[in-house]
Amino acid sequence: MAIASVNPATGETWKEFSALTEQEIDACIARSDEVFRAHRRDTYAVRAGHMRRVGGLLDAERADVARLMTAEMGKTIAAAEAEVAKCAKLCRFYAERAEGFLAEEPADAAAVGARRAYVRYEPLGPVLAVMPWNFPLWQAMRFAVPALMAGNTGLLKHASNVPQTALYMGDLFTRGGFPEGAFQTLLIGSKQVEHVLSDPRVVAATLTGSEGAGRSIAAIAGRELKKTVLELGGSDPFLVLPSADIEAAAKTATTARTQNNGQSCIAAKRFIVHADVYDAFARAFTANMSALKVGDPTAPGTDVGPLAQEQGVRDVTEQVDDAKAKGARVLCGGERPHGPGWFYPPTIVADLTPDMRMYAEEVFGPVAGLYKVADLDEAITLANATPFGLGANAWTTDDAEQRRCAQELAAGAVFVNGMVTSYPELPFGGIKTSGYGRELAQLGIREFCNAKTVWMG
Ligand code: NAP
């Protein structure tokens, strides 16, 4: 895939880049390794000062960065600005909390015959981050901020369609005060990832992206015996049970499915509704989805912009057409509009059956699958009947049902009467083919640390 900025609203290529050579990559790795030796010895207070300045730069440059992301991958300008603001908050969160998250943890010294015993958390070294285009700043920052606060260095291989956002990040941390080389962007194609990950100086990798990319990184890392964190795809269920506030559920369902033009790993994708409230929910959901304004992502009133890539709009069209051909009912949308750009309308497809692609595959666009179930047992069975396990939403005011959903939904996160979202304060990650490991919060910053046991006699 060419490394280029292509405007998804028009399909026009507006800037192209050459990939780094192997020599250039090796020089970046060498710098990362060298900087690590000094950076790991900086105090948390020094790193926190740098990180607060990075947050300040993001605040000051929010409008420009947002425009860049919108021009490269088509998210609405309001969503882009919110993403930048969230990243600034993340910087302040870890500036404040990293030291406490990684403080030495005393153990029961007497029980192990020691004068003193404890666990200390130490950085590992240069970590490779392979990142996707859908939240081009947030996904990469979600790795970079805790990794740098822990004392690691970072090498970013960003998605090939967001090179300018990647280059912005390549400078950002140095401008905030981190040593030059502590965080670097490598403009490389996916085939060059193996070269980086095989280098003995690169100690670990994190990937956010598709299952195929995850399997490839995990295979290389397995061969090299390196730690990985994988954040992969999802097909999150959204359960609606009879006690739910149907209007509120339908409103949140609409946001949950169409956020980021439908291209979010934690978007609710399968709406599983109890028969008693199915008609009311379907009516409200269809009305809300139909009312969304699709169009120019730079216009302030737009709710849904284009999909980021031509292949993406082709995939979604084929998935919906497959369901239609096999007898599914389209409640709204369902036809790709004519004209330039990679637009697809908010769509609801009902009466899905297991032979249809949408039943089992992730749909990475503003398309909801709607299912009717007889009771909570059937809802949970259907919710869990995919290879994915990222997030799950459940709408019910019944205590017992809430407890069952929290316990029985097979996912890395369950949100009850709300929408699955990532917060710096909460761990984020999946199970099954949605990946492994956690980002954010305390678990996230510890992923790329050596939890070193110290025993002193
Ligand atoms: P993708 O094709 O896997 O791309 C993601 C990144 O991996 C890009 O930098 C890409 O580089 C690289 N890549 C692709 N194939 C690779 C390989 N074989 N070896 C090494 N690197 C490789 O993902 P996408 O389709 O753009 O993104 C959408 C997917 O990401 C969806 O499944 C979505 O659910 C998932 N996602 C998950 C999360 C999460 O937190 N769990 C968050 C966001 C997105 P190139 O661009 O150069 O190909």
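**View 1. The backbone of L232 meets the ligand.** In this predicted model, a backbone N or O atom of L232 lies 2.7 Å from a nitrogen atom of the ligand; a polar contact here is a pair of N or O atoms within 3.5 Å. Taken alone, the ligand exposes 910 Å², and the protein buries 85% of that (accessible areas by the Shrake-Rupley method with a 1.4 Å probe). Local features need pLDDT of at least 70 and side-chain atom pairs pLDDT 80 or more, while totals for chains, interfaces and linings use all residues. Numbering runs from 1 along each chain as its sequence is written, and side-chain values use heavy atoms, without hydrogens or water.

**View 2. Ligand oxygens at G209 and S210.** Look here for an oxygen atom of the ligand 2.5 Å from an N or O atom in the S210 side chain. A polar backbone atom of G209 is 3.3 Å from an oxygen atom of the ligand.

**View 3. The shell around the ligand.** Among the 28 surrounding residues, W133, S160, S210, L232 and E362 come nearest (near: a heavy atom within 4 Å). The shell holds 13 nonpolar, 11 polar and 4 charged residues, with Gly counted as polar.

**View 4. A ligand between two domains.** Because domain 1 (3-232 + 431-456) and domain 2 (236-416) both give residues to the shell, the ligand lies between them; the bounds come from an automatic or database domain assignment.

Notes:
A polar contact is a pair of N or O atoms within 3.5 Å; within protein, one must be able to donate a hydrogen and the other to accept it, and residues adjacent in sequence count only if both atoms are side-chain atoms.
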